[in-house]
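Let's take a short tour of a protein model. Keep the picture open while you read, and look for each spot as it comes up.

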Amino acid sequence: MSRTTSPPTRRRRAAALAGSALLAATALTVSSLSGTAAAQAEGARAAAAKVDNPYAGAKVYVNPDWSAKAAAEPGGSKISNQPTGVWLDRIAAINGTSGARGLRAHLDTALQQSGGSPTVVQLVIYNLPGRDCAALASNGELGPTEIDKYKTQYIDPIAAILAESKYANSNLRIVTTIEIDSLPNLVTNTGGRPTATPQCDTMKANGNYVKGVGYALNKLGAVGNVYNYIDAGHHGWIGWDDNFNATAQVLKQAATAEGSTVDKVAGIIVNTANYSALKENNYTINDSINGKSVRESKWVDWNRYVDELSFAQAFRQELVNVGFPSNIGALIDTSRNGWGGTARPSAPGARTDVDTYVNGGRYDRRIHIGNWCNQSGAGLGERPKAAPAAGIDAYVWMKPPGESDGSSSAIPNNEGKGFDRMCDPTYTGNPRNGNSMSGALPNSPLSGHWFSAQFQQLLKNAYPAL
């Protein structure tokens with residue numbers, strides 16, 4: 001988490017001193033404890049050892065399941081050793097499915113990879129009731145009202161495994177990214193907005209997104225070596241004035257629901273499984289052309305941000321402003337936002353008018369910033385890296401490159417995944433993407449399934465180049 005001001009540094013130093021005292025006390029008493037008491041003492045030791053940025057000075061787990069698929073692709077060995085997120089996208093994923101190991105197997109393999117060094121394991125907690133209320137391709141197995149099933153059959157078993165002494169008292173640092181594409185939907189896709197969906201209105205009314213996220217934060221955050229990061233969308237989703245603070249307030253509501261507190265939040269993650277450019281170098285939000293701000297361009301459309309780095313830093317500060325700890329950090333998913341290749345602009349656009357200027361210089365080559373499914377022309381972004389900028393804990397590849405966002409046509413399945421026209425390259429759009437073409441690649445499989453054509457495109461258009 002960020003180290004941008006002196007007060008958090010003082011707090012960390014005090015916490016470190018207190019942690020040292022706790023460790024000493026634990027060492028004196030643990031020999032006389034047994035069973036539950038000993039486990040609690042060990043848990044206290046793990047909590048005392050918690051670090052500010054889990055990625056700093058640590059290895060990051062390489063998922064062998066993804067790595068094998070990447071290595072089998074032509075050129076894939078160039079990135080098959082990169083760490084990626086492990087998506088627990090349904091109850092069955094906890095114990096493992098065909099072709100994918102379960103949570104314990106991942107943790108055991110991470111311990112082997114660690115060689116005794118601190119090692120981050122990145123988990124995506126992704127199974128809310130009524131999941132992804134604005135995107136049918138990534139709908140889940142639980143209906144809108146099945147919050148109790150989410151708690152008892154999904155979160156509780158995950159928390160129980162993470163709390164096992166073998167893992168909780170190890171050198172693993174468990175990063176849990178909590179419920180991608182959930183809370184921001186309650187702001188942008190509800191009410192009387194043109195972007196609203198009945199499914200999102202339902203989830204806002206029944207409160208199960210807020211309850212589910214709060215419950216996950218509370219249960220998982222009770223494990224001493226778990227670091228919770230809440231999903232915060234991306235700049236092209238909540239970077240507008242009417243979404244920015246409102247989303248921060250919803251995250252605060254969830255972080256204090258179901259027994260959780262803001263102290264159980266290590267930070268936020270932005271741009272997960274998305275394509276927004278990390279940093280646009282050819283124009284800034286402060287530029288103007290012939291007396292018109294770039295905010296008036298069709299692409300920016302009055303947003304306050306043009307890229308993910310500026311957005312992540314600003315939104316992290318907004319969360320501090322509404323009551324989160326001042327040392328929270330941010331993760332940015334850079335797995336598919338490189339936008340390299342021959343289409344990458346090398347200079348600003350012509351200053352003829354504001355649209356020509358922005359469109360000629362922007363790295364993000366999507367038709368519309370609301371397009372999200374298997375985007376044509378995308379490339380790998382910055383490689384995973386710890387502490388790359390102020391307030392940023394890491395660049396991560398939380399979305400494993402090569403895994404589909406959704407199928408381009410309806411495919412019957414038993415994974416709870418629907419068909420979303422945004423994954424159909426012939427779709428002409430809806431209010432959430434400005435009624436634009438979808439920009440999706442053809443012949444795509446179900447979300448989460450391997451998509452070789454996409455993987456090859458990502459390699460080809462990587463920036464920095466491979």
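## A look inside the model

The largest cavity holds about 50 Å³ of space. Bear in mind that this is a predicted model. A search of the whole structure turns up 1 cavity of 30 Å³ or more. Which residues line the largest cavity? They are H235, W240, Y283, W299, V300, N303, Y305, V306 and I369. Sorted by class, that lining has 7 nonpolar residues, 2 polar ones and no charged ones.

Next, find helix 15, which covers residues 452-460. Its buried residues are Q454, F455, Q457, L458 and L459, and they pack against helix 3 (64-71). In the segment after helix 15 you'll meet P464. A cis peptide bond joins Y463 to P464, with omega at about 0 degrees.

Now for two residues with a positive phi, neither of them a glycine:

| Residue | Phi | Loop | Relative accessible area |
|---|---|---|---|
| D132 | about 50 degrees | between strand 5 (119-125) and helix 6 (147-162) | 2% |
| N271 | near 70 degrees | between strand 8 (267-270) and strand 9 (288-289) | 0% |

D132 counts as buried because its 2% relative accessibility is under the 20% cut-off. N271 is buried too, at 0%.

Last stop: N321, in helix 13 (residues 308-321). Is N321 buried or exposed? It's exposed, because its relative accessible area of 53% is over the 50% cut-off. N321 and A248 are 73 residues apart in sequence, while their C-alpha atoms are 9.2 Å apart in space.

Technical notes:
Residues are numbered from 1 along each chain as its sequence is written. This is a predicted model: local features need pLDDT of at least 70, side-chain atom pairs count only at pLDDT 80 or more; totals for chains, interfaces and linings use all residues. Side-chain values use heavy atoms; hydrogens and water are left out. On a 1 Å grid over the protein atoms alone, a cavity is a set of points where a 1.4 Å probe fits but cannot get out, and a pocket is an open set with protein on both sides within 12 Å along at least five of seven lines; lining residues have an atom within 4 Å of a point. Grid points are joined across faces, edges and corners, and a volume is the space filled by probe spheres set on the points. Ala, Val, Leu, Ile, Met, Phe, Trp, Tyr, Cys and Pro count as nonpolar, Asp, Glu, Lys and Arg as charged, and the others, Gly among them, as polar. Buried means under 20% relative accessible area, exposed over 50%, partly exposed in between (1.4 Å probe, protein chains only). Helices (H or I, at least four residues) and strands (E, at least two) are DSSP runs, numbered from the N terminus. Contact means heavy atoms within 4.5 Å.
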